[in-house]
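Hi everyone, thanks for coming. I'd like to walk you through a structure today, so have a look at the screen.

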Amino acid sequence: MFSGIVERTAEVVAIRTDRQNRDFTLRADFCGELKIDQSIAHNGVCLTVVGIEGDTYTVTAMKETLDRSNLGLLRTGDLVNLERSMKPDALLDGHIVQGHVDQTAVCTAKEDADGSWYFTFEYEPQGGGLCTVEKGSVTVNGVSLTVCDSKEASFRVAIIPYTFEHTNFCRIDVGSVVNLEFDIVGKYIARLMGSYLK
């Protein structure tokens, strides 16, 4: 379980393909605090630490994860948003995030808002609660954000300077592919309503 409050970014320093799996090695300053089997969200995708060496650690993504997220597009040198799993006594500063990416979206606009930025993302509507609502929550590359200008297949978010500088939003431009996790509450309501109407 995560909150969508990114702790830091880490650089991808190595990528290794093993059949349909892909191992990603990242350099992070908290490696001394990690342990094998620990869960960390990478651009919003929950992955398990499988190796630690010095100031780097390694995680493995399987084909389903690579197909559904932007992790399959990562290259060495890319920055990845990281969040370690929540502790039971932690404050929920963002919203409830599972670390299970629903699908990807494409950035279609990046606007200067006189010190902040507006980003617009378009995605393929799939139903089943995979949608946004005005002033609702959505996770973009693991960042908990508030939706503005919600439409059937797109939405806009406002990014303050701190978020821009401390996440990989600083590298998102028009055409960039990002990970989306829609609000879990909305997905459950959509499922229950679908069952009720049958």
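So, which strands make up the closed barrel that β12 belongs to? Going round, the order is β7-β8-β11-β10-β9-β12, six strands with antiparallel pairing. On average, neighbours in this sheet are turned by 45° against each other, ignoring direction. Those angles are between lines fitted to C-alpha atoms, on a scale from 0 to 180 degrees between N-to-C directions.

A quick word on where this comes from: it's a predicted model, where local features need pLDDT of at least 70 and side-chain atom pairs need 80 or more, while totals for chains, interfaces and linings use all residues. Numbering starts from 1 along each chain as its sequence is written, and side-chain values use heavy atoms, with hydrogens and water left out.

When I say strand, I mean a DSSP run of E with at least two residues, numbered from the N terminus. Two strands pair if DSSP finds at least two bridges between them. In general, strands of a sheet pair through backbone hydrogen bonds, either parallel or antiparallel.

Take β10 (residues 143-148) and β11 (residues 154-159): they run antiparallel, joined by two bridges. C148 sits opposite R156 in β11.

There's also a closed barrel of six strands running β1-β2-β5-β4-β3-β6, with antiparallel pairing. Here too, neighbouring strands are turned by 45° on average, direction ignored. Four bridges connect β1 (residues 8-18) with the antiparallel β6 (residues 79-84), and A10 has V80 as its bridge partner in β6.

Last stop: V177, which lies in β12 (residues 177-182).
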